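Hi everyone, thanks for making time this morning. I have one structure to walk you through, so let's bring it up on the screen.

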Amino acid sequence: MCGIVGYIGTQQAAPLILEGLTRLEHRGYDSAGVAVLGGSKESALRVAKKAGRVRDLTDDLPKRFSGKVGIGHTRWATHGPANDVNAHPHTDTKGDVAVVHNGIIDNASTLRAQLAEDGIDLTSDTDTEVLAHLIARSTAETLEARVAEALSAVDGTYGLAVVHADFPDRIVVARNGSPLLIGVGEKEMLVASDLAALIRHTTMVAHLEDGEIATLTAGGFTTYRADLTSTHRTATEVDVDPATYEAGEHESFMHKEMLEQPDAAERVLRGRLDERFGTAHLGGLPMDARETRAIKRVKILGCGSAYYVGQMGASLIEELARIPADAEAASEFRYRNPVIEPDTLYVAVSQSGETIDTLLAVQEIHRKGGRCIGLVNVVGSAIARECEGGIYLHAGPEVAVASTKALTNMFLGFALLALQLGRVRDLSISDGKRLIAALLELPEQIGQVLEREEEIGEIAQVLADAESLFFVGRVRGFPVAREGAQKFKEISYRHAEAYQTSELKHGPLALISGDVPSVAIVPQDELTDRNVGALHEIAARGGPLVVITHPDVDLGEIECRRLDVPRSERELDPILLTIPLQLLAYRAALHLGHDIDKPRNLAKSVTVE
Ligand code: F6R
């Protein structure tokens, strides 16, 4: 999704901003641009922007592009195609104001019509351009007041940064629904939409809240409410190793992050398991034992892969705590005017903590008086702040668009939640201990699956040649199949569809042929025999089969490529069955020569509807 970087200080702004933009490339974008103030004429505003990669922009940057104040952007097209004109920054007619913007201005077409009526010639198709014109025509005394006046006319979401030739000593930024962080350096200040762009310069960071405006000068920053009264925000030290934002010896971040899973899994469990009482201790949950007992239902909300892991989480909660639980796509939730029940525990699950659909689902719950906790990776993110408490996932920064380690930690977060809920209710201490023992083994078992990358890579090569694939599983195995299909289609661009194995004969079996392979999830559980029966049906129709299964499962004479994963306790098996599917997708994409960390059309965090 779009990215913002701004700089004001003692160094040349453009190279620093361009380097910062490359750190945001993983978020997905289709064009890039930069604006600087300064150079020979102290306040001249210069803009360079281009469809394509940051590298293309850097190569084509005009020679005279100096200045110590600047803003830059990577755009992911929403209003109008990806071309040079629609790329940010956008300027007013005179070229005094430049704006970069993440988010969507909902009333842009009304504002565009009003501006056109007033004789202003809009040059791009974007919603953002209106902001530049609105700021330029304000006659308020300060840039902050001009920005605030422009924003008062706007409905929608934004993270934005503005420079103005008449105010060359500052950048003014504002946030509403789209993240912005201010980085504090020595006689220099930065702003960015993601920590990744700041971390090599400073670890002193302030998060802007929704509705806030801030001024950055070389010497510091000031934050305000929309009415320009001060909010006195201060920066705090973030505890992140800049190396986590480097791929190092790995050819992609996805590969690095998959291999980090054993360590990440240990982190999410650390200090949260109570072996004596066979339970989990989650300090961030806002309920005591009595309130926990009163929960009648659990509803999990997330998007994409987070939604599929939410389905795994719902199974865990229902099995261990015997509370009815289900998961729903957060992107649909608020549009069906959901009934919010006081005795339901709502759980928002998100890696980034910025996914707009999930955030708006939480806000809908709150608007109707419900209670929502978060399973979130990014500390201090919008969803984490919006929830009444929850569980941080401690997966570390995840850069690759295709989520892996964060999803594994989501599953483990749900396991901890299910254990705690279960032990307050009817889960026995021996069952609690049984699960804790299995959880403690998981990091090593995940490592054992990851060691089989080469073997999985061979299977992946065969699958990569198919235009269309099925991923099938039942009950606990179905969300595993959904996540497997999701990973595969995201980065290999092959059509991969997930089905309940039991549903095959109700329709999809018609598509099974020698050209359509199926990846089947067949754990050793109460459904093994039925699953094996379905494999026979696929094989009988000539469908190539890859079976992700457990060592004791007898597949008889079925012709297939078999991949055994270590067994855990039945409830926890889904995560070990998921890991080979990550590798399968990854190796297929590698075989096809795709850009694994920047899959086409996708963005890391989806902060616009
Ligand atoms: C898949 C993937 C997406 C995200 C989804 C939610 O690999 O990464 O489907 O899971 O966009 O993102 P978060 O978890 O940041 O809310």
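I'll take the two largest pockets in turn and then move to a sheet and the helices on it. Please keep in mind throughout that this is a predicted model.

Let's start with the largest pocket. How much space lies in it? The value is about 940 Å³. There are 37 residues lining this pocket, and those closest to its centre are Leu195, Tyr245, Val378, Val379 and Pro397. If you want to find the pocket by secondary structure, the elements that give two or more residues to its lining are strand E11 (204–207), strand E14 (236–237) and helix H7 (261–269). For those of you thinking about chemistry, the lining splits by class into 12 nonpolar, 13 polar and 12 charged residues. And which domains does it draw on? Domain 1 (3–244) and domain 2 (247–450) each supply at least three residues to the lining of the largest pocket.

Now to the second largest pocket, with about 500 Å³ of space. Here 27 residues form the lining, and Cys303, Gly304, Ala603, Lys604 and Val606 are the closest to the centre. Several helices contribute two or more residues to this lining, including H9 (305–321), H11 (356–367) and H13 (405–424). Strand E19 (344–350) is also among the elements that do so. Which element gives the most? That would be H16, with 3 residues. By class, the lining of this second pocket has 10 nonpolar, 12 polar and 5 charged residues. At least three lining residues come from each of domain 2 (247–450) and domain 3 (452–599).

Let's leave the pockets and look at a sheet. This one is open, with 6 strands in the order E5-E6-E7-E8-E12-E13, and the pairing is antiparallel. Its edges are strand E5 (90–91) and strand E13 (220–224), each of which pairs on one side only. Strand E12, residues 213–217, runs antiparallel to E13, and 5 bridges join the two. Within that pair, Leu216 stands opposite Phe221 in E13.

What packs on the sheet? One helix that does is H4, residues 129–137, which touches E5, strand E6 (97–102) and strand E7 (158–164). The direction of H4 makes about 140° with that of E6. Helix H5, residues 143–152, packs on the sheet as well, touching E7, strand E8 (171–176), E12 and E13. For H5, the angle is about 140° with the direction of E7.

That's my tour, and I'm happy to go back to any part of it.

Definitions and conventions. Residues are numbered from 1 along each chain as its sequence is written. This is a predicted model: local features need pLDDT of at least 70, side-chain atom pairs count only at pLDDT 80 or more; totals for chains, interfaces and linings use all residues. Side-chain values use heavy atoms; hydrogens and water are left out. On a 1 Å grid over the protein atoms alone, a cavity is a set of points where a 1.4 Å probe fits but cannot get out, and a pocket is an open set with protein on both sides within 12 Å along at least five of seven lines; lining residues have an atom within 4 Å of a point. Grid points are joined across faces, edges and corners, and a volume is the space filled by probe spheres set on the points. Helices (H or I, at least four residues) and strands (E, at least two) are DSSP runs, numbered from the N terminus. Ala, Val, Leu, Ile, Met, Phe, Trp, Tyr, Cys and Pro count as nonpolar, Asp, Glu, Lys and Arg as charged, and the others, Gly among them, as polar. Domain bounds come from an automatic or database domain assignment. Two strands pair if DSSP finds at least two bridges between them. Contact means heavy atoms within 4.5 Å. Axes are lines fitted to C-alpha atoms, for helices over the stretch in contact, and angles run from 0 to 180 degrees between N-to-C directions.
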